[in-house]
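Got the viewer open? Here's a short tour, one selection at a time, with a note on what you'll find at each stop.

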Amino acid sequence: MTDKTAHTGKNPGGGDVRLTGISKSYGSFTAVHPLDLTVPQGSFFALLGASGCGKTTTLRMIAGLEDPSTGTVFLGDKDVTDLPPYKRPVNTVFQSYALFPHMDITENIAFGLRRRGIKSVKKQVDDMLELVQLGDKARHKPHQLSGGQQQRVAVARALINHPQVLLLDEPLGALDLKLRRQMQLELKRIQTEVGITFVHVTHDQEEAMTMADQVAVMNGGRVEQLGAPADLYENPQTTFVANFLGTSNLIEAEVLETGSGGSDVLVTAGGGKLRVPGDRCTSAVRQGGKVLVGVRPEKISLTHKDDAGSIADGRNRVTGRIADSSFIGVSTQYVVNSPAGAELQVYEQNIERDTRLVPGAEVVLHWNPAHTFGLDAAQDIDAGVETVEDAG
Amino acid sequence: MRWIRRNLVVIAGLLTLAYMILPNLVVMAFSFNKPKGRFNYSWQEFSLDAWKDPCGVADMCESLSLSLQLAAWATVGAVVLGTMIAFALVRYRFRARGAINSLIFLPMAMPEVVMAASLLTLFLNMGIELGFWTVLIAHIMFCLSFVVTAVKARVMSMDPRLEEAARDLYAGPAQTFLRVTLPIAAPGIAAGALLAFALSFDDFIITNFNAGSTVTFPMFVWGSAQRGTPVQINVIGTAMFALAVLVVVAGQIITNRRKKTATA
């Protein structure tokens, strides 16, 4: 893999993938609304969203397998919008792998090199087989390999061409959970080793967060939010992101005092008062206006009502009654109903378990106001919540 | 009783096989006959006369050669057109696709003798001289449906992502077709080609109506049967049968060997 600069190095202007105003419509249906996106060179970038959100279409437009209705695709400084896929320095790992069934593993991997007229492929193929740890399967046919092995061949077949960008279309979707975790680490290792830009399409938020440096959350053909995984998780800008990435408690509240000069915004929900840092509100708040107050379940502490006096001052508090609890091992998940909101989720680590915290118990939920975020109230509070049909 | 119950499937299979092969065995046996009269219908004595002189009957080998040429060209024509039609029907959405999809079966369903007469009417009205070309056109026409059916089944089971993968891996349209599409569709195309060849070589009714003064092998056999059946007909039949068996067996051996090397 030492000669990768031979191909990627001819772009002095950098090898970023830049999409400007790109969109795709099929008749009256718009799969992707005009979007701008920059994927920095060498990064592991994830396009995350539910099925039908336009993430695969976006990927296929980068590959050249789909013609954009509007907009431009840049690779580095080069406009590749009108180039057919076989003229783009981009390779794809397909969801179903799409290995050529009539060729053995070696010929599958060598395919791209041969099409570009490279005669001596053995050394490079051997290197690739080693990279994906399949040296002993060189003469096997694809159908003789397991799903995980086929997946690795698909990666090797794409990577051997030293593309500027490697596109991965839900490459782990067909694998079982354990193998998927293993392959996530494997792909991450390979990406670090070869240093090529990876654009990874997935609907699995955990997969996106573990693997990617940057995640673009897509919904309904638009990018909802773009950022590093931790940033997306801690500072969701929309209810969709708040609910799709992990779980969020969203409480409808009314603004009492708009914070000025960096102080907290004071809001009221269900009779209680809560503080939200002013710089963590996505929209302009005005007195008497509505806002959605959000907090992640693991940020909340649970204290029995009898011990309410021991809670430190300055924390946000919500009183409620435990509706349900389930023991997960490392943590216990509680569902709490309160005047502020129904079915609030709380994850408590199982360090010192309070035996009084059982369904029916009156409790106080409290958390550091700094962990609170405020979202625009003019959006669907349940957007991005996984429903039973989606979860299958 | 128990033995019968256990081997019932094998017995039934062997009986069916015998039912199918017996006529062929008769053809073979009578190619070694030395008939007394002009008709080769009763066994007289073993002889290699006919095998030593297969073209000894006047005009027979000419008709055989004509039939082989016709079958070869009809196969080429039907396979090229049929494969293109099959790909178009599976891969593209266009107006009248549904209608074409069902109309393609028409030549299979139509009584052959009706089609033969209609074709003759058509050729006569268009003022086309009957002969090799009219027969070839007719053969390509009725072989087409079989080729389309065989290739379509294969193309439908092909993953279009394979061709996308090829294009993604620097193969242009021609390379994609030659390296990926064609090899994967090949079994379907081969099946269609074999069918087309056999059907064309075999055809009597349509050929007889539209051949004019040209005589194909089936027409020769029919014609000679009125006046007497030369043993050489059986020789040709046996040779064709042996050739077909050889092709099938060789194909089987090659696939088996490929599988073995792949697993080794």
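Which residue in S8(A) is the bridge partner of Ala46(A)? Select Ala46(A) and look across: the partner is His200(A). Keep in mind throughout that what you have on screen is a predicted model.

**Stop 1: strand S8 of chain A**

Stay with His200(A) and widen the selection to residues 197-202 of chain A, which make up strand S8. This strand is mostly covered, with six of its six residues buried. Turn on the side chains: Thr197(A), Val199(A) and Val201(A) point one way from the strand, while Phe198(A), His200(A) and Thr202(A) point the other way. Both sets are buried.

Now add the neighbours. Strand S3 (residues 44-48) of chain A pairs with S8(A) in the parallel sense, over five bridges. Strand S7 (residues 165-169) of chain A is also a parallel partner of S8(A), again with five bridges. To get your bearings on the S7 pairing, pick Leu166(A), which stands opposite Phe198(A).

**Stop 2: an open sheet in chain A**

Next, select strands S15 to S19 of chain A. These five strands form an open sheet with antiparallel pairing, in the order S15-S19-S16-S17-S18. Which strands stand at the edges? They are S15 (301-304) and S18 (341-349), and each has a single partner strand, so one side of each is left without a neighbour in the sheet. From one strand to the next, the twist averages 45°.

Zoom in on S16 (residues 316-327) and S17 (residues 331-338) of chain A. This antiparallel pair is joined over six bridges. For one of the bridges, select Phe327(A): its partner in S17(A) is Thr332(A).

**Stop 3: chain A as a whole**

Zoom out and color chain A by secondary structure; you should be able to pick out 10 helices and 20 strands. Along its principal axes, the C-alpha trace spans about 80 × 45 × 40 Å. The chain has 392 residues, and 41% of them count as buried. If you like contact maps, take the contacts in chain A with a separation of 6 or more: residues 24 or more positions apart account for 67% of them.

**Stop 4: chain B**

Switch to chain B and select residues 64-254, listed in an unreviewed UniProt entry as "domain: ABC transmembrane type-1". The span is 82% helix and 0% strand, and its end C-alpha atoms lie 30 Å apart. UniProt (unreviewed entry) also places transmembrane regions in chain B, including 177-199 and 235-254. Residues 177-199 of chain B are 100% helix, with the end C-alpha atoms 28 Å apart. Residues 235-254 of chain B are likewise 100% helix, and their end C-alpha atoms lie 28 Å apart.

**Stop 5: where the chains touch**

Finally, show both chains and select the contact. How many residues does each chain put in? Chain A gives 21 and chain B gives 16. On the chain B side, the elements giving two or more residues are helix H9 (160-168) and helix H10 (173-202). H9(B) makes the largest share, six residues. Color that side by class and you get nine nonpolar, two polar and five charged residues.

Before you leave, color by confidence. Chain B has a mean pLDDT of 90, and 98% of its residues reach 70 or more. For the model, the scores are ipTM 0.80 and pTM 0.80. Where pLDDT is low, the predicted coordinates shouldn't be read in detail.

Notes: Residues are numbered from 1 along each chain as its sequence is written. Chains are lettered from A and ligands numbered from 1 in the order in which they are written. Two residues are in contact if their C-beta atoms, placed from the backbone, lie within 7 Å. Helices (H or I, at least four residues) and strands (E, at least two) are DSSP runs, numbered from the N terminus. Ala, Val, Leu, Ile, Met, Phe, Trp, Tyr, Cys and Pro count as nonpolar, Asp, Glu, Lys and Arg as charged, and the others, Gly among them, as polar. UniProt positions are given in the numbering used here, feature names are shortened, and annotations may be inferred rather than shown by experiment. A residue is buried if 20 or more other C-beta atoms lie within 10 Å of its own, exposed if 12 or fewer, and partly exposed in between; C-beta atoms are placed from the backbone. Two strands pair if DSSP finds at least two bridges between them. Axes are lines fitted to C-alpha atoms, for helices over the stretch in contact, and angles run from 0 to 180 degrees between N-to-C directions. pLDDT is the predictor's confidence in each residue, from 0 to 100.
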